[in-house]
Amino acid sequence: TNKANMFTMGSLIYPNTSYCHQGWLTADRRHVLINDELDEQNLPNVNTTTTYVVNVENLSSPQFVTTFTNGQPTIDHNLMIRNYNTASGLRSFVFEANYTSGLRVYDINDLNNAFEVGYVDSYGFNNGMSFNGAWGVYSLFPSGMILHADMQAGLLVIDPSQVVPDECAVSSAPQ
């Protein structure tokens, strides 16, 4: 609020911290999902793409909640969350660039039981621990279309009906 008087409100060292690269708040602003770009590559006990969930309801005391993975031996990079209005209520999905394993999509309606629902493997050569392939994602267009940036394949425009469950209408406005 006051650039002349900035201060740290709180901090957290989550398990397996290596290089906290990027994060995104859930729609209710209770949790932040974090990509640690180097944990998979630098830490022997993290051998698959791992996304960290932190509760930030109390900014003075953020709390580690859990992690989720798709089991692929790749590095995560950037993520975004998009919510869809469905007949059964609001559904939340993470669109995550996972370098050599491409764009991954996770259902995060239950953060303690997040699971992969779709993917686009834009790299295709391997699923290794290297900085090739999927770099970024943008999932908030009103049309529902998803932009996926791949360092080798270029920019891909993806129809969400190819990577999210059928009940999540393309015309649903992001929340």
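# Notebook: sheets, cores and salt bridges

**Entry 1: the sheet of β9, β10 and β11.** I began with an open sheet of three strands, ordered β9-β10-β11 and paired in the antiparallel sense. The edges are held by β9 (134-138) and β11 (154-158); each has a single partner strand, so one side of each has no neighbour in the sheet. I looked up the twist too: neighbouring strands here are turned by 20° against each other on average, with direction ignored. A reminder to myself before going on: this is a predicted model.

Next I followed one pairing in detail. How many bridges join β9 to β10? I found four, with β10 covering residues 146-150 and the two strands running antiparallel. For a single contact to look at, I picked A134, whose bridge partner in β10 is D150.

**Entry 2: the sheet of β1 to β4.** Then I turned to another open sheet, in which four strands follow the order β1-β2-β3-β4 with antiparallel pairing. Which strands stand at the edges? They are β1 and β4, and each has a single partner strand, so one side of each is left without a neighbour in the sheet. From one strand to the next, the twist averages 30°.

I checked the start of this sheet strand by strand. β1 (residues 20-25) and β2 (residues 31-36) are antiparallel and share five bridges. One place to see this pairing is G23, which has I34 as its bridge partner in β2. Between the two strands of this hairpin there are five residues, and R29 takes a positive phi near 60° in it.

At the other end of the sheet order, β3 and β4 also pair in the antiparallel sense, over five bridges. Here I noted N55, with Q63 as its bridge partner in β4.

A general note for my margin: strands of a sheet pair through backbone hydrogen bonds, either parallel or antiparallel.

**Entry 3: salt bridges.** How many salt bridges does a search of the whole structure find? It finds four. I went through several of them by residue.

I looked at D28 and R30 first. They form a salt bridge, with 3.9 Å between the closest N and O atoms. Are these side chains buried or exposed? D28 has a relative accessible area of 45%, so I put it down as partly exposed. R30, with 36%, is partly exposed as well. I also noted that D28, R30 and E57 are linked in a network of salt bridges.

The next pair was R91 and D107, whose side chains meet in a salt bridge at 2.5 Å, N to O. R91 belongs to strand β6 and D107 to strand β7, so the pair ties together parts that lie 16 residues apart in sequence. R91 counts as buried because its relative accessibility is 13%, and buried means under 20%. D107 also counts as buried, at 5%.

My last pair was E116 and R104, which form a salt bridge with the closest N and O atoms 2.8 Å apart. This pair links distant parts of the chain, as E116 is in strand β8 (residues 115-120) and R104 in strand β7, 12 residues apart. The two ends have their own labels: E116 is partly exposed, with a relative accessible area of 27%, whereas R104 counts as buried at 3%.

**Entry 4: nonpolar cores.** I then asked which residues make up the largest nonpolar core. There are 11: M80, Y84, F93, F95, L103, V105, V137, I146, I158, V163 and V164. The elements giving two or more residues to this core are β5 (79-86), β6 (89-97) and β7 (103-107). I also found a second, separate core of 10 residues, among them F68, L79, V94 and I108.

One general point helps me read this entry: in soluble globular proteins, nonpolar side chains tend to be buried together.

**Entry 5: a nonpolar patch on the surface.** To finish, I looked for nonpolar residues at the surface. F7, M9 and L59 make a nonpolar surface patch of about 350 Å². Where is L59 found? It is in the loop between β3 (51-55) and β4 (63-68). I checked its accessibility as well: L59 counts as partly exposed because its relative accessibility is 48%.

Key: Residues are numbered from 1 along each chain as its sequence is written. This is a predicted model: local features need pLDDT of at least 70, side-chain atom pairs count only at pLDDT 80 or more; totals for chains, interfaces and linings use all residues. Side-chain values use heavy atoms; hydrogens and water are left out. Two strands pair if DSSP finds at least two bridges between them. A nonpolar core is a set of buried Ala, Val, Leu, Ile, Met, Phe, Trp, Tyr and Cys residues joined through side-chain atoms within 4.5 Å. Buried means under 20% relative accessible area, exposed over 50%, partly exposed in between (1.4 Å probe, protein chains only). Patches are made of residues with over 30% relative accessible area and no salt bridge: like charges are joined within 9 Å, nonpolar side chains (Val, Leu, Ile, Met, Phe, Trp, Tyr) within 5 Å. Accessible areas come from the Shrake-Rupley method with a 1.4 Å probe; for residues, only the protein chains shown count as cover. Axes are lines fitted to C-alpha atoms, for helices over the stretch in contact, and angles run from 0 to 180 degrees between N-to-C directions.
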